[in-house]
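Here is an informal walk through one protein model, with an eye on helix packing and salt bridges. Have the chain open as you read.

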Amino acid sequence: MRRKFNFIGILLIGLIMLLAACSGGSEESNGSSSDSGDDKKTVDYPTKNIEVLVGHGAGGGTDLFARAVTKQLEDILGVNINVVNQEGGAGVIAAQNAFNAPADGYTLVGDAAFPITTAAGTNEHGLEDFVPIARFQSDTYGLWVDPKKYDSIDDFIKAAKENPGKITVGGTGSMGMDEITVFQLGQEAEIELNFVPMQGSGEMHAGVIGGHLDAMVDEFGPTKALYEDGSIKPLVVFAEERLEQFPDLPTTVEKGWDLTDGNERGFYVKKGTDPEIIKILEEAMKKAYDSDEYQKFEEESYLHLREGWLNSEDFTKRTEELIEKYKTVIEELQK
């Protein structure tokens, strides 16, 4: 009898040990399966050519930026990337066409005016329809004049106060970053300026050099050659701190003006795109941004004057802030 009970006891102990082992093995197996699932790539992307729609003309700042980036992205992603210029509405046409394309990561938008056109209501497809992938550039504006006309920003402000509404300041396009910048300068400096929209930088530069414009707002890259040959000079830089390259040039902040915005260029993709695809694009773009070739492009174009990179999360927050800010500015501008 005792031998029978011992045999049953041994069987019970063995069964308990077996169940424990199976339970532990199952947990370990589940852990391994979960880990390998996290590491495994669930989308096969990219497998074909990518298109980047640029809503601005060939040779402009946004076009050159997009081409400099995509040149690096082709090597990183291993596919051809075609930049397609679709001018119209300061990027609105390109955004509309990208919205009409599938949300599969093969149609991107390269833009600089997205927050402004969204705030103005001309772009019907804002952040409810697009996801910012990455920002590459936060460009820097200057107020440029004929050196023979004004000696300093104080001279310019004095002339504007003595001639309200008569001092002309050129900029590219209407109701874009240039016009908003001139309007805000007038508000901050308490002067009335006459904004004159131009077809492009060439016409604007010719206007200042030929005396048809009193001043213009422009970035430092497009004006570099004209500054170096003495045709124009900057009176103030729209920035928080003085530029290393222009140590004697005062900033808007020094003058007590809360005015430092510039064109912020980046890439967007249609909402609904697989988040893993967006992550692949974001990581590839960071590699492109950090590449020696792209950094050289920025330095040669005076685009390195302040840090440009923002990841998808930070770029989205920044875009939200700018849309709300420009809504208020545009409402005041249109009064």
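H2 and H10 run roughly antiparallel to each other, because their angle falls in the class over 145 degrees (under 35 counts as roughly parallel, 65 to 115 as roughly perpendicular, the rest as oblique). The axes of helix H2 (residues 61-77) and helix H10 (residues 292-300) cross at roughly 165° and come within 9 Å. Axes here are lines fitted to C-alpha atoms, for helices over the stretch in contact, with angles running from 0 to 180 degrees between N-to-C directions. Helices (H or I, at least four residues) and strands (E, at least two) are DSSP runs, numbered from the N terminus.

The H2 and H10 crossing is right-handed, meaning that the near helix is turned clockwise from the far one by less than a right angle (anticlockwise would be left-handed). On the H2 side, Leu 64, Phe 65, Ala 68, Val 69 and Gln 72 make the contact, and they meet Glu 293, Tyr 294 and Phe 297 of H10. Contact means heavy atoms within 4.5 Å. Sorted by class, that contact of H2 with H10 has six nonpolar, one polar and one charged residues. For these classes, Ala, Val, Leu, Ile, Met, Phe, Trp, Tyr, Cys and Pro count as nonpolar, Asp, Glu, Lys and Arg as charged, and the others, Gly among them, as polar.

A word on the source: this is a predicted model, where local features need pLDDT of at least 70 and side-chain atom pairs count only at pLDDT 80 or more, while totals for chains, interfaces and linings use all residues. Residues are numbered from 1 along each chain as its sequence is written, and side-chain values use heavy atoms, with hydrogens and water left out.

H2 also packs against helix H9 (residues 275-290), at an angle of about 115° and with the axes 9 Å apart. The crossing of H2 and H9 is right-handed. From H2 come Val 69, Gln 72, Leu 73, Ile 76 and Leu 77, and from H9 come Ile 280, Leu 281, Ala 284, Met 285, Lys 287 and Ala 288. By class, the contact of H2 with H9 has nine nonpolar, one polar and one charged residues.

Zooming out, the protein has eleven helices and ten strands. Of its 335 residues, 49% are buried, where buried means under 20% relative accessible area, exposed over 50%, and partly exposed in between (1.4 Å probe, protein chains only). Take the contacts between residues at least 6 apart in sequence: 77% of them join residues at least 24 apart.

Now for the charged pairs. How many salt bridges does a search of the whole structure find? The search comes up with 17, a salt bridge being a side-chain nitrogen of Lys or Arg within 4 Å of a carboxyl oxygen of Asp or Glu. Among them are these:

| Salt bridge | N to O distance |
|---|---|
| Arg 242 and Glu 254 | 2.7 Å |
| Lys 325 and Asp 261 | 2.6 Å |
| Lys 327 and Glu 324 | 3.5 Å |

Arg 242 and Glu 254 both lie in the loop between strand E9 (233-237) and strand E10 (264-270), so their pair ties together parts that are twelve residues apart in sequence. Arg 242 is partly exposed at 38% relative accessible area, and Glu 254 is partly exposed at 43%.

The salt bridge between Lys 325 and Asp 261 links distant parts of the chain, with Lys 325 in helix H11 (residues 312-333) and Asp 261 in the loop between E9 and E10, 64 residues apart. Is Asp 261 buried or exposed? Asp 261 is buried, with a relative accessible area of 6%, whereas Lys 325 is partly exposed at 33%. Both belong to a network of salt bridges that also links Arg 135, Glu 264 and Arg 318.

Asp 261 has other company too. Leaving aside neighbours within four places in sequence, Asp 261 is in contact with Tyr 141, Met 177, Arg 306, Arg 318, Leu 322, Lys 325 and Tyr 326. Thr 181 sits 80 residues away along the chain, yet its C-alpha atom is separated from that of Asp 261 by 7.9 Å.

Back in helix H11, Lys 327 and Glu 324 are three residues apart, so about one helical turn separates them. Lys 327 is partly exposed at 34%, as is Glu 324 at 49%. Thr 328 is found in H11 as well, and counts as partly exposed at 41% relative accessibility. Thr 328 and Ala 119 are 8.6 Å apart in space, C-alpha to C-alpha, but 209 residues apart in sequence.
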